[in-house]
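I open the notebook on this entry and set down, in order, what I looked up. The notes go from salt bridges to the fold and then to the cores.

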Amino acid sequence: MSNSTEHKAINDTERRILQAAEREFLTKGLKGARTSAIAEAAGVNHAMLHYYFRTKEKLFERIISEKLDALHQLISRSFIEMNLPLEELIKNLINEHLDFIANNPDLPRFITNEIFGDDERIENFYLKIMRVAPDVMSKLQTKIDDLADAGQCKRVDARMLLLDIVSLNVFPFVAAPLMNRIFGGCMDNTADFIEKRKKENFETIVRKLNLRVQTA
């Protein structure tokens with residue numbers, strides 16, 4: 001086997017283990033997850049899983065690290081073009097965030113149960129978010145204030161606006177087990193449901209801002 005082929009095989013095996021571990025941890029948490037189930041789902045034996053990640057805890061921390069990195073990249077990507085009109089920035093953030101959650105529907109409950117219950121993980125989460133959050137909030141506040149000065153929107157606190165967006169996007173997934181029973185399974189994470197939420201959440205935030213949205 002050539003070095004490149006061997007390297008690819010190693011990467012493929014590691015990725016299969018990580019994908020299986022992600023499903024196991026996100027649905028069952030650290031305590032409920034079983035390494036035997038992860039190994040079986042990844043198509044490897046327990047010794048191979050131990051060779052790659054040593055312990056269940058190390059594998060769990062790897063999954064958390066990857067998810068936090070993905071959230072960090074999401075925030076950075078959503079606000080990369082701060083010169084866009086405010087409504088486009090808001091729409092980009094809502095859409096990117098909802099798409100991310102739709103692809104990781106168990107992540108909000110996982111963060112609440114597993115990350116917020118551990119001081120060290122909370123600190124790591126905080127440090128990653130704070131790499132970009134202050135700059136994003138400052139620039140967003142400036143954009144809101146400039147539009148408010150021009151009479152084009154209501155003056156609001158950018159921090160509260162971001163909190164509203166995150167809350168609107170995340171709540172249906174956190175509360176899905178209960179809401180599906182109350183509303184008869186309407187929160188089914190289908191493409192149609194996600195698109196409706198994007199539209200509803202965008203219109204809610206625009207109303208809060210009393211923003212004059214440009215129409216084509």
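Before listing any pair I fixed the term: I count a salt bridge where a side-chain nitrogen of Lys or Arg lies within 4 Å of a carboxyl oxygen of Asp or Glu. I also note at the start that the model I am reading is a predicted one.

**Entry 1, salt bridges.** I searched the whole structure and found 17 salt bridges. I began with glutamate 14 and arginine 62, whose closest N and O atoms are 3.0 Å apart, and which form a salt bridge. Glutamate 14 belongs to helix α1 (residues 3-32) and arginine 62 to helix α4 (residues 56-78), so this pair ties together parts that lie 48 residues apart in sequence. I then looked up the accessibility of both partners: glutamate 14 is partly exposed at a relative accessible area of 24%, and arginine 62 is partly exposed at 29%. The pair does not stand alone, since Glu14, Arg15, Arg62 and Glu66 are linked in a network of salt bridges.

Next I turned to helix α8, where aspartate 135 and lysine 139 are four residues apart and hence separated by about one helical turn. Their side chains meet in a salt bridge, at 3.3 Å from N to O. Aspartate 135 counts as partly exposed at 42% relative accessibility, and lysine 139 counts as partly exposed at 40%.

The third pair I wrote down is arginine 155 with aspartate 149, a salt bridge in which the closest N and O atoms are 2.6 Å apart. Is aspartate 149 buried or exposed? With 56% relative accessibility, aspartate 149 counts as exposed, while arginine 155, at a relative accessible area of 47%, is partly exposed.

**Entry 2, overall fold.** I counted 11 helices and zero strands in the protein. The C-alpha atoms fill a box of roughly 65 × 45 × 35 Å along the principal axes. Of the 216 residues, 40% are buried. Taking contacts in the protein with a separation of 6 or more, I find that 67% of them join residues 24 or more positions apart.

**Entry 3, the nonpolar cores.** Which residues of the largest nonpolar core touch the most other members? This core has 31 residues, and the ones I noted for that are Phe79, Leu86, Ile90, Leu140, Ile144 and Leu209. At least two residues of the core are supplied by each of α5 (86-103), α8 (133-149), α9 (158-174) and α11 (191-209), and the largest share, eight residues, comes from α5. Apart from this core lies another one, of 30 residues, among them Ile17, Ile63, Leu74 and Ala133.

I followed leucine 209 separately: leaving aside its neighbours within four places in sequence, leucine 209 is in contact with Leu86, Ile90, Ile144, Cys153, Lys154, Val156 and Leu161.

**Entry 4, packing of α8 against α9.** The axes of these two helices, α8 and α9, come within 9 Å and cross at roughly 105°; since angles of 65 to 115 degrees count as roughly perpendicular, α8 and α9 are therefore roughly perpendicular to each other. On the α8 side I listed Val136, Met137, Leu140, Gln141 and Ile144, which meet Ala158, Arg159, Leu161 and Leu162 in α9. The residues of this contact divide into seven nonpolar, one polar and one charged.

**Entry 5, two single residues.** I looked up asparagine 169, which has its place in helix α9. Asparagine 169 is buried, with a relative accessible area of 1%. Beyond its neighbours within four places in sequence, asparagine 169 is in contact with Ile94, His97, Leu98, Ile101 and Asn201.

The last residue I checked is phenylalanine 125, found in helix α7 (residues 119-129). Its relative accessible area is 17%, and because buried means under 20%, phenylalanine 125 is buried. With neighbours within four places in sequence left aside, phenylalanine 125 is in contact with Leu68, Leu71, Ile115 and Phe116. I also noted that phenylalanine 125 and aspartate 69, though 56 residues apart in sequence, are 9.2 Å apart in space from C-alpha to C-alpha.

How values were computed:
Residues numbered from 1 in each chain as written. Predicted model: local features only at pLDDT ≥ 70, side-chain atom pairs only at ≥ 80, totals over all residues. Heavy atoms only, no water. Core = buried A, V, L, I, M, F, W, Y, C linked by side-chain atoms within 4.5 Å. Buried < 20%, exposed > 50% of the residue type's maximum accessible area, 1.4 Å probe, protein only. Contact = heavy atoms within 4.5 Å. Axes fitted to C-alpha atoms, helices over the stretch in contact; angles between N-to-C directions. Parallel < 35°, antiparallel > 145°, perpendicular 65-115°, else oblique. Nonpolar A, V, L, I, M, F, W, Y, C, P; charged D, E, K, R; others polar.
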